[in-house]
Amino acid sequence: MNKINLMLHAHQPYVRHLEYEKFLEEDWLYEALNESYIPLLRMLRKLDEDNVDYRFSICFSPTLISMLEDEPLQERFIKYLERHIELGEKEVQRTKNEEKECHEMARIYLKETKLNLELYLNLDRNILKEFKRLSEIGKIELVASAATHAFLPLYKDYPGAVNAQIAVGISTHKRVFGQNPKGFWLPECGYYPGLEKLLVDNGVEWIQLPSQSVISSPDKSQFGGYRPILMPGGLKAVARDWNLTNLVWSDKTGYPCDPDYREFYRDIGYYLPMDYVRPYMHEPMLRVFTGYKYYSITGNTEEKVYYSPKKAQEKVALHVDNFLYNIRKKGKLLDAYGIQNHVFNLFFDAELFGHRWYEGLSWLEKVIRALAQDNKTYEMVSASSVIEDDEDYDEIRINETSWGPRGGADTWLDSSNAWIYRHTIKAIERMQELTERFPDQGSLKGRFLNQASRELLLAMASDWPCIIHDNTSSSYAEKRIKNHLGSFNVVHSSMCRNTVNTEWLIKAEKRNAIFPDMDYRYFEKK
């Protein structure tokens, strides 16, 4: 039997700018909702209607949870969908007497957006409630994560700050889903020796690890990562299968690179006349993605061919067969090596399916249906069920690692973004100083210190150094870091004078309305 432990990680950095009518970086959330999260729910509902059995795990990061619960952002997302429905109706008319391929896709996009709006409204604008229901009936396992997706190994010398990331993440999970999470998604699979103690102290039973963590272990692995791992201190782990994951994940040879699939970047927002698309753009005259895309990847050429849904679905079927073939092949190989009850751990960003890879949700649905149909060969499992049912663990130590290039921290610490850490670390030291000087503050001073903690956690987010490293929205990322640290310093300087800037506090709480159950004492030295 080939056990499949599929885990999806849904994450967006905290972006909320109500001071503007529309804000470019807020579209990250709206695109993921419209193209990944809500279509995923529609797909799961279809599986339920057809009585297809499935099990998998999903992690919603605390910053994403906060935005999905935020009423002003919910209202702005509805307006986003309404604008895209309006654009879709225009596109259906525009393409009616032109290219039939464009017309067909315009109708599909319009239909999908309307279905997304209908489901979103039926769920009272909060998709988390439906994922909670699916968890309660045993279809999915919900996994917690760090408060602001900080890359924890870079803060290993400050366990109080790491503890704050863990504790706030778990408290957010409990508040929203009403359950104690067993698993904890390490941002970027970032682990360092000693982290397990903080995790266990916070009630975590298991984590996920990158594939190279087993290879680089100072101990000999008995099962090669295909059985659960027992780490020092009693923490358990599951290790990603690199080869099977890379069939999907690779940006060079993965399934999403197939020339018959839809091109992500060739969007009408970038080539149709500005007078036509202006109502759906950002001021001043800033072109953005609309989601209306009519070309296939084609290949390394500017002369793209029109997208064919029929050809794409034929490739989806081939890639499903290929994926299952590779599972069976590897399963037989593991059996031959004497590794019984092996588990294939597959970790993906949820946004890959539907958003980055348009056909990804169709591929995932067909994989799930195939696994359920051949239940003598395959079994979909959750990480917790594997860990609870297994008795033979791989008892090994794990070195510092991540799922970044070569298992290192290059993405989050290089010449472009190293300057960040001298500032965040200084703020951590000052926050720990405040927890010592003001150990039990309630009322106004407690709120003031809690806001300082929020600002510091937001400054620690791994998204900002990653964006700077990739040179995408670098100026925005730099501005966010400086603004959060500046806000933290407002609190620190005021508290050093034993005063509270009440007017500033009220505005700051409204501006960054995140983590309502924040407790600044999470930052105490460990």
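# Reading the calls in a predicted chain

The chain holds 18 helices and ten strands. Helices (H or I, at least four residues) and strands (E, at least two) are DSSP runs, numbered from the N terminus. This is a predicted model: local features need pLDDT of at least 70, side-chain atom pairs count only at pLDDT 80 or more, and totals for chains, interfaces and linings use all residues. Residues are numbered from 1 along each chain as its sequence is written, and side-chain values use heavy atoms, with hydrogens and water left out.

Biologist: What makes the chain as compact as a globular protein of that length?

Modeller: Its radius of gyration is 24 Å, close to the 24 Å that the globule rule gives for 526 residues, so the chain is as compact as a globular protein of that length. The radius is taken over C-alpha atoms, and the rule is 2.2 Å times the number of residues to the power 0.38. Those C-alpha atoms fill a box of roughly 70 × 65 × 45 Å along the principal axes.

Biologist: Why is Ser384 called buried?

Modeller: Buried means under 20% relative accessible area, exposed over 50%, partly exposed in between (1.4 Å probe, protein chains only). Ser384 has 6% relative accessibility, so it counts as buried. Ser384 sits in helix H13 (residues 383-389). Buried residues make up 58% of the 526 in the chain.

Biologist: Which residues is Ser384 in contact with, leaving aside its neighbours within four places in sequence?

Modeller: Ser384 is in contact with Glu141, Lys182 and Trp206. Contact means heavy atoms within 4.5 Å.

Biologist: Why is the pair Glu130 and Arg133 called a salt bridge?

Modeller: A salt bridge needs a side-chain nitrogen of Lys or Arg within 4 Å of a carboxyl oxygen of Asp or Glu. The closest N and O atoms of Glu130 and Arg133 are 2.9 Å apart. Both residues lie in helix H5 (residues 128-136), three residues apart, about one turn of the helix. Glu130 is at 6% relative accessibility, so it counts as buried. Arg133 has 34%, so it is partly exposed.

Biologist: What makes Asp275 exposed and Arg278 partly exposed?

Modeller: Asp275 is at 66% relative accessibility, so it counts as exposed. Arg278 has a relative accessible area of 32%, so it is partly exposed. Their side chains meet in a salt bridge, 3.0 Å from N to O.

Biologist: How do you know that Arg521 and Asp440 form a salt bridge, and what does the pair tie together?

Modeller: Their closest N and O atoms are 3.2 Å apart. Arg521 lies in the segment after helix H18 (502-511) and Asp440 in the loop between helix H14 (419-437) and helix H15 (443-459), so the pair ties together parts that are 81 residues apart in sequence. Arg521, at 30% relative accessible area, is partly exposed. Asp440, at 60%, is exposed.

Biologist: What joins Lys46, Asp50, Glu365 and Arg369 into one network?

Modeller: Salt bridges that share partners join these four. A search of the whole structure finds 33 salt bridges.

Biologist: What is the phi of Arg125, and where is Arg125 found?

Modeller: Phi of Arg125 is near 70°, a positive value in a residue other than glycine. Arg125 is in the loop between helix H4 (100-122) and H5. At 29% relative accessibility, it counts as partly exposed.

Biologist: Why is Arg406 called exposed?

Modeller: Arg406 has a relative accessible area of 73%, so it is exposed. Arg406 is found in the loop between strand S10 (394-395) and H14. Its phi is near 60°, also a positive value in a residue other than glycine.
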